[in-house]
Structures are given as C-alpha cells and as structure tokens.
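Subject: Structure for you to look at

Dear colleague,

Here is the structure I promised to pass on. Please open it beside this message; my notes follow below it.

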Amino acid sequence: MRKWAAWLGAFVSALWVAAPVWAHVTVSTDNPEPGGFAVYTVRVPNESDTASTIRVEVQIPEGLAASRYEPVPGWAISLEGGVLVAEGGTIGPGEFVEFRFQARNPESPGELSFPALQAYDDGEVVEWTGPPEAETPGSVVAVGAASEPSGWPDGWAITATILGAAGAVMGAVALFRGSR
C-alpha cells in the first residue's frame, strides 16, 4: 500500500510541476460550423510568478469576420484591423482572464490560427506563435471539425476526475491512519 501511495504521489507531483506547460493563450469557439455565427473565447493565463500581464494582442485570421467584443471590467478592448487588443487591466500571477468576441466563421472547413502576444509589466513579451509542439504554441481552432457527442467528457475531464478521486482516497487513508 505504501509503495502504491508513494507512486501515486510522485505521479501527481510530476503532473503539478508540468502544469505550467499546459497553460498558454488559447482560443476556442462555441460553434465550429462553417458559415455559422460563433462566440470565440481567448483565455489568457498569467504564467509569471512575479509579473502581471498588462496587454494581449490576438491576430484574427483572414476569413473570420469578427464584429463585436464583450467588455471586461478594467480592460480597454478594441477589435480593429484584424487584431483583438486588450490593455489597461492586469492579470496577476496565478490568475487568468477570458476575452470574448463574436464572429462569422468562414464558409469552408479548415484550421484558423490565432497568433498572440502577451506583454508583462516587467517588460517581457511572450509570442504565442509556434507550432503545437513548441514551448509557445499558437492557438488553432478547427472550423467544420466533427465534435464529440454532447455530454461525453473529454480526455482532460476524465484525467482530472481520476486524479481527484485518487487524491480523495489518499487523503482518506492518511486521515484514517492519523486518527489511530
């Protein structure tokens, strides 16, 4: 039992240390249908331990007709010249903010790339423009992609549920042993 608990603890710790690699500026949509109207969400996590994000720029791909944005308190947002710009607010260490805009999808299926820049108050600028396997990948949204049936959990949800259950079991075992 102790070996199993130690192995599980090491696994969860490794995932915790690797978690910052998963956090980056991402874009998602509520409707990937070609020609459809959609709301796009730009999620911006702060990956710095010491600086705050103060500006975000996201290039809107050609063929995606972006028309309106949702205001975010404390942020000045513009959607002009094919670029969504959010500035004037801050995203502190350990925080994230979502910016949303409305658009009409291209008529043809395909992938939409969203290169982004994230500026910090210490002067650092991160360019989220690389391929998926890069350290700073750009976000890509597939228009016309088949989606999973509604109600089916994705792989991350399943993984999180399993790890949460394992953590609860380990906590219960520790509580039980500590009370003896």
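W75 and F99 are both buried. Bear in mind that this is a predicted model. The ring centres of W75 and F99 are 5.2 Å apart and the planes stand at 80 degrees; planes over 60 degrees apart count as edge-to-face, so this pair is edge-to-face. The pair links distant parts of the chain, since W75 sits in the loop between β4 and β5 while F99 belongs to strand β7, 24 residues away.

In total, three aromatic pairs are counted. Another of them joins Y40 and F114, whose ring centres are 5.8 Å apart with planes at 40 degrees, so that pair is tilted. Y40 is in strand β2 and F114 in strand β8 (residues 110-114), so the pair ties together parts that are 74 residues apart in sequence. Y40 and F114 are both buried. Together with F101, these two residues make up one aromatic cluster.

The same names come back in the nonpolar core. The largest such core has 30 residues, and those with the most contacts inside it are Y40, V42, L84, F99, F101 and F114. As general background, nonpolar side chains in soluble globular proteins tend to be buried together. Beyond its neighbours within four places in sequence, F101 is in contact with a long list of residues, including Y40, V42, I60, L64, L79, L84 and F114. R68 and Y69 are also among the contacts of F101.

Now the overall fold. The protein chain has two helices and eleven strands. Along the sequence, a helix comes at the start, the strands follow, and a helix closes the pattern. Of the 180 residues, 31% count as buried. The accessible surface is about 11,200 Å², with 59% of this belonging to carbon and sulfur atoms. Among contacts with a separation of 6 or more, 67% are between residues 24 or more positions apart.

One open sheet has four strands in the order β1-β2-β7-β4, paired antiparallel. Its edge strands are β1 (26-29) and β4 (65-69), each pairing on one side only. Neighbouring strands in this sheet are turned by 35 degrees against each other on average, direction ignored. Inside the sheet, β2 (residues 37-45) and β7 (residues 96-104) pair over nine bridges in the antiparallel sense. V39 has Q102 in β7 as its bridge partner.

A second open sheet has five strands, ordered β5-β6-β3-β9-β10, again with antiparallel pairing. The edge strands here are β5 (76-80) and β10 (125-128), and each pairs on one side only. The average turn between neighbouring strands of this sheet is 10 degrees, direction ignored. Strand β9 (residues 116-120) pairs with β10 over four bridges, in the antiparallel sense. L117 has E127 in β10 as its bridge partner.

One last residue to check is V27, which is found in strand β1. Is V27 buried or exposed? The relative accessible area of V27 is 7%; buried means under 20%, so V27 is buried. Leaving aside neighbours within four places in sequence, V27 is in contact with Y40, T41, V42, V58, F114, S139 and V141. V27 and L112 are 85 residues apart in sequence, and their C-alpha atoms are 9.8 Å apart.

Regards

Notes:
Residues are numbered from 1 along each chain as its sequence is written. This is a predicted model: local features need pLDDT of at least 70, side-chain atom pairs count only at pLDDT 80 or more; totals for chains, interfaces and linings use all residues. Side-chain values use heavy atoms; hydrogens and water are left out. Buried means under 20% relative accessible area, exposed over 50%, partly exposed in between (1.4 Å probe, protein chains only). Contact means heavy atoms within 4.5 Å. Accessible areas come from the Shrake-Rupley method with a 1.4 Å probe; for residues, only the protein chains shown count as cover. Two strands pair if DSSP finds at least two bridges between them. Axes are lines fitted to C-alpha atoms, for helices over the stretch in contact, and angles run from 0 to 180 degrees between N-to-C directions. A nonpolar core is a set of buried Ala, Val, Leu, Ile, Met, Phe, Trp, Tyr and Cys residues joined through side-chain atoms within 4.5 Å. Rings of Phe, Tyr and Trp (its six-membered ring) pair if their centres lie within 6.5 Å; planes under 30 degrees apart count as stacked, over 60 as edge-to-face and the rest as tilted.
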